[in-house]
Amino acid sequence: MLRTILSVTGKPGLFKILSQGKGVIIAEDLQTGKRTPIHLRDKVVSLGDIAMYTESGDTPLGEILDKVYAWKNGETIDVKALVAEKGLRNAFEQVVEDYDRDRVYEADIKKLFTWYNILLAAGFTKFAEEVEASEEVETE
């Protein structure tokens, strides 16, 4: 599911892929619902391709978002208050205890919490890819 959600450098928010053409992606802003073209020259990253550094290896963003959802019981996070209190790292430590403190910056944590709020407002409640579980069964 996160594979269809995009982050575009230089554009605020997250976008959902609606269709693809030659050299362009038509996407919808999750916050405003406004459709916009995303061109080849734009730097685009699918949320399904993002992972965060932990001491035990890289953890997919979907798993971390599921942990955040469980930690907040489906409620939004007041990111501005956490930034003002300098509590971003403390809050993230409650979610992912073994995150790599040297390679995960406060800006990364702020972006994660902001994305979580956007996805939650768009109606997402499950973030991890379910396909991974069925692939593990097939390989056994």
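Which side chain of opposite charge is nearest to D29, and how far away is it? In this predicted model, the answer is K34, at 8.3 Å, and D29 is left buried without a salt bridge. The residue sits in strand β3, which covers residues 24-29. A backbone partner is nevertheless at hand: the D29 side chain comes to 2.7 Å from the backbone nitrogen of Q31. Leaving aside residues up to four places away in sequence, D29 is in contact with P12, L14, F15 and K34.

Stepping back to the overall fold, the protein contains seven strands and five helices, arranged along the sequence as β-β-β-β-β-β-β-α-α-α-α-α. Its radius of gyration is 16 Å, close to the 14 Å from the globule rule for 140 residues, so the protein is as compact as a globular protein of that length. The C-alpha trace spans about 45 × 45 × 30 Å along the principal axes. Buried residues make up 35% of the 140. Of the contacts between residues at least 6 apart in sequence, 56% link residues at least 24 apart.

Turning to the interior, the largest nonpolar core has 31 residues, and L47, F92, L112, F113 and L119 touch the most other members. At least two residues of this core come from each of α1 (61-72), α2 (79-84), α3 (88-95) and α4 (106-121), with α4 giving the most, eight residues. Beyond four places in sequence, F113 touches V68, I77, V79, L82, L88, A91 and F92. Another core lies apart from the largest one; this second set has six residues, including V8, I25, A27 and I38.

Notes:
Residues are numbered from 1 along each chain as its sequence is written. This is a predicted model: local features need pLDDT of at least 70, side-chain atom pairs count only at pLDDT 80 or more; totals for chains, interfaces and linings use all residues. Side-chain values use heavy atoms; hydrogens and water are left out. A nonpolar core is a set of buried Ala, Val, Leu, Ile, Met, Phe, Trp, Tyr and Cys residues joined through side-chain atoms within 4.5 Å. Buried means under 20% relative accessible area, exposed over 50%, partly exposed in between (1.4 Å probe, protein chains only). Helices (H or I, at least four residues) and strands (E, at least two) are DSSP runs, numbered from the N terminus. Contact means heavy atoms within 4.5 Å. Lys and Arg count as positive and Asp and Glu as negative; His and the chain ends are not counted. A salt bridge is a side-chain nitrogen of Lys or Arg within 4 Å of a carboxyl oxygen of Asp or Glu. A polar contact is a pair of N or O atoms within 3.5 Å; within protein, one must be able to donate a hydrogen and the other to accept it, and residues adjacent in sequence count only if both atoms are side-chain atoms. The radius of gyration is taken over C-alpha atoms; the globule rule is 2.2 Å times the number of residues to the power 0.38.
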